[in-house]
Amino acid sequence: GSLIEQLTTEKYECMVCCEVVRIVAPVWSCQNCYHVFHLNCIKKWARSPASQAEDGNSGWRCPACQNASTQVPKTYTCFCGKVHNPEWNRNEIPHSCGELCGKKRQCLDCPHLCNILCHPGPCPSCPAFVTKTCECGQTSHSVRCGQSTKIHCSNVCGNTLNCGKHSCTQVCHAGKCSPCQLTVQQVCYCGSNFKEVLCGTKEEFSDGFGNFSCQNICGKKLNCGRHNCTQVCHPQPCPLCPRLPQVVYRCPCGQTPLSKLLELGCVERKICTDPIPSCGKTCGKPLSCGSYEFIHTCESLCHEGDCRPCSHTSNIYCRCGFKKKVSFLFLIAAITFMCDKRCNKKRSCGRHKCNEVCCVDTEHKCSLVCGRKLNCGLHRCEEPCHRGSCQTCWQTSFDELTCYCGESVIYPPVPCGTQPPECKKTCTRPHDCDHPVYHSCHSEEKCPPCTYLTQKWCMGKHEVNLHLEFFIISCHLFPPLFQLRSNIPCHLTDISCGLRCNQMLKCGMHKCKRICHKGECLIDEEIAAISIATKLTDLQLGDSVEISRLITKKEMKQARLQCDEECLALQRNRRLAEALEIDDNSDPFNIRSSGPKYSDLLKEDARKDLKFVSDIEKEMRMLVEAVNKGKNTKKSHCYPPMNRDHRRIIHELAQVYGIESVSYDNEPKRNVVITAVRGKSICPSNTLTSVLDKEMQSRPPPPIPHYKQTDKSCGTSGLSKPLKEEPIIDYFDVQD
């Protein structure tokens, strides 16, 4: 009715162009929301990218209800769709044909068509009445056509349940009846077990005595009356006794018929308990320990019953394959051999070891709880141990989180670990001083130190205005004035003026020489400091100093180094020299005066890079001379980063010069640091470069080689390539 009134009075607006829909303008109506649009407007909208559905395959969307359509409207039709380009009639609804609508109503079970004139909007409900039955079908009622409500009566349903034996006792209801809830007792086929089930439960095949199999041995007497059935509980009648004379035709191994054995004089069997004659041959039945390729057979003579276990042995491995042992084949299937080796592989978490005995696991999943602290710092991770970072804490607080003063608030839910909000208000916590507060409200318990500038005494309270004191003393006015230090932050307590203490010591004879300090002046420390300073002055002048009087025996014992193998060797050599009356400064075997020994490998490397070796030796000689002539007993030099071969040359030359050499850092920035020690480092008489020069002068000139040139353009093809040198290990260049 609202659509008809707005279209007739030309007050209805198109949602696309926002213009009034005239009574003579071609229109299109959506069949889902019944909104009316200009035909040209809806055509433009359907072709625009904004109207396309999200999946891109469902067509275009209605501007009002977003219902997707695949076809773009092309013609102007009435609301019922019968007439194209309907003409406007003053006595009819605009854009209608004036005939009966005839469209199918929205109710699915209504067979009647719409019986009003062509109209916009949905069709009204069907006014007809029909007769419908209730859910159980026992009663019928007259209701409005298309009514969706179900009809229920007050009678009992009475329909047959799923078991086929009982009827439904519920009041008239919708849908299928519930399964039968009564319980019945069933017996197994062999009659030894019972169970209670719901009536109508799916039953197995019934043989008239039972309804299911209990999976136990049947145990019923066979037809012979002497033996019992050995089959699992079954519905069929038990089979004949397998030992009846009319059933057994061959010997126990099956190789010889009983008829031949009877001809040889064996006794004929009368009943099932009579023994079955044996043929005397090897049984030969296949045993369970064999395989398809190697079948093991019974080696006993023809016999009744089960065969003996296999006598063959085999090597069996533990499940991880680390150990093996010998065992009988018939026991292999029943044995699970496990070694005592524990798995050392890392678990999936990367933190713990597997540590399982005889492990065959490939994933090594960790079953421990992670237990690491979460980002909140309050709770621990309860997930299984894992790699990487833990997830954020899942706990949440439903209380408001405020700053200390309560001005800033974070409303719940607040994730665990959230810091209090920042507040720009001035801190309201109690402070130790009364100075103005300049810092903002904070969540830390302790406030920042007060930086207000104040006047304070130094620790010795002897700060003096030197200019004023000199003036007062010279004028003999009165004792010197003491003053406070200015511009001192409030939080500073122990302030030193930088001057000497000059307080009278307890001895009454000396004054404290320490810089302005806290607490009492200590005379013992003062005297020890003066003594040490005097001894240091003597050391600078080159004199020796006995410091045993300055420290206690306990401190000397704690500071004494432990003797090592080098100390023992020196003591042994000293005792031997005393026994042979050899002076320490003598050199009977001319060891020190003899020239240094350079290895062939070092000489060969030096020939390849003579300039590098010459520079290294020059630096080492300068370092040794500087140590022997200077005041310091040790002096070091750091070489720039270099490759492994150059570092090895430095280490070998350092041994010749008696210099300590150590490699530092990792590749490619690994370098060598050498340290010369006075009395240990020496400058050899012959350097490596001079030795090489002498060898070159004494060596005869090499013969001129003749090479066979096979290529006119380049004669290098006839030369044989030098052999690849073996890699040289630098024993001095240790990485770890």
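Ser29, Gln31, Tyr34, Phe79, Lys103, His119, Pro120 and Gly121 line the largest cavity. The model is a predicted one. Rolling a probe the size of a water molecule over the atoms shows where empty space is left. Here the count is one cavity of 30 Å³ or more. The largest cavity holds about 30 Å³ of space. Its lining is mixed by class: three residues are nonpolar, four are polar and one is charged.

Now move along the chain to the nonpolar core. In soluble globular proteins, nonpolar side chains tend to be buried together. The largest nonpolar core in this model has 25 residues. Met620, Ile650, Leu653, Ile659, Ile674 and Leu688 have the most contacts inside it. Several elements give two or more residues to this core: helix 9 (600-608), helix 10, helix 11 (644-657), strand 19 (671-677) and helix 12 (688-698). Helix 10 gives the most, with seven residues.

Take helix 10 next. Helix 10 spans residues 610-629, 20 residues in total. From first C-alpha to last, helix 10 reaches 29 Å, close to the 28 Å expected at 1.5 Å a residue. Which residues of helix 10 are buried? They are Phe612, Val613, Ile616, Glu617, Met620, Leu623, Val624 and Val627. Seen down the axis of helix 10, these buried residues fall within an arc of 130 degrees, so they line one face of the helix. Lys611, Lys618 and Lys629 sit on the other side of helix 10, and they are exposed. Met620 thus appears twice: it is buried in helix 10, and it is among the residues with the most contacts inside the largest nonpolar core.

Helix 11 has 14 residues. Its reach from first C-alpha to last is 20 Å, close to the 20 Å expected at 1.5 Å a residue. Helix 11 is mostly covered, with 10 of its 14 residues buried. The buried set includes Ile649, Ile650, Leu653, Ala654 and Val656. It also includes Arg647, Arg648, His651 and Glu652. Ile650 and Leu653 are also among the residues with the most contacts inside the core.

Look finally at the two ends of helix 11. Just after the helix, glycine 658 takes a positive phi of about 70 degrees. On the other side, asparagine 643 lies in the loop between strand 17 (634-638) and helix 11. Is asparagine 643 buried or partly exposed? Asparagine 643 counts as partly exposed, because its relative accessibility is 42%. Asparagine 643 and arginine 670 are 27 residues apart in sequence. In space, their C-alpha atoms are 7.9 Å apart.

Terms used
Residues are numbered from 1 along each chain as its sequence is written. This is a predicted model: local features need pLDDT of at least 70, side-chain atom pairs count only at pLDDT 80 or more; totals for chains, interfaces and linings use all residues. Side-chain values use heavy atoms; hydrogens and water are left out. Helices (H or I, at least four residues) and strands (E, at least two) are DSSP runs, numbered from the N terminus. The expected span of a helix is 1.5 Å times one less than its number of residues. Buried means under 20% relative accessible area, exposed over 50%, partly exposed in between (1.4 Å probe, protein chains only). The arc is that of the directions from the helix axis to the C-beta atoms. On a 1 Å grid over the protein atoms alone, a cavity is a set of points where a 1.4 Å probe fits but cannot get out, and a pocket is an open set with protein on both sides within 12 Å along at least five of seven lines; lining residues have an atom within 4 Å of a point. Grid points are joined across faces, edges and corners, and a volume is the space filled by probe spheres set on the points. Ala, Val, Leu, Ile, Met, Phe, Trp, Tyr, Cys and Pro count as nonpolar, Asp, Glu, Lys and Arg as charged, and the others, Gly among them, as polar. A nonpolar core is a set of buried Ala, Val, Leu, Ile, Met, Phe, Trp, Tyr and Cys residues joined through side-chain atoms within 4.5 Å.
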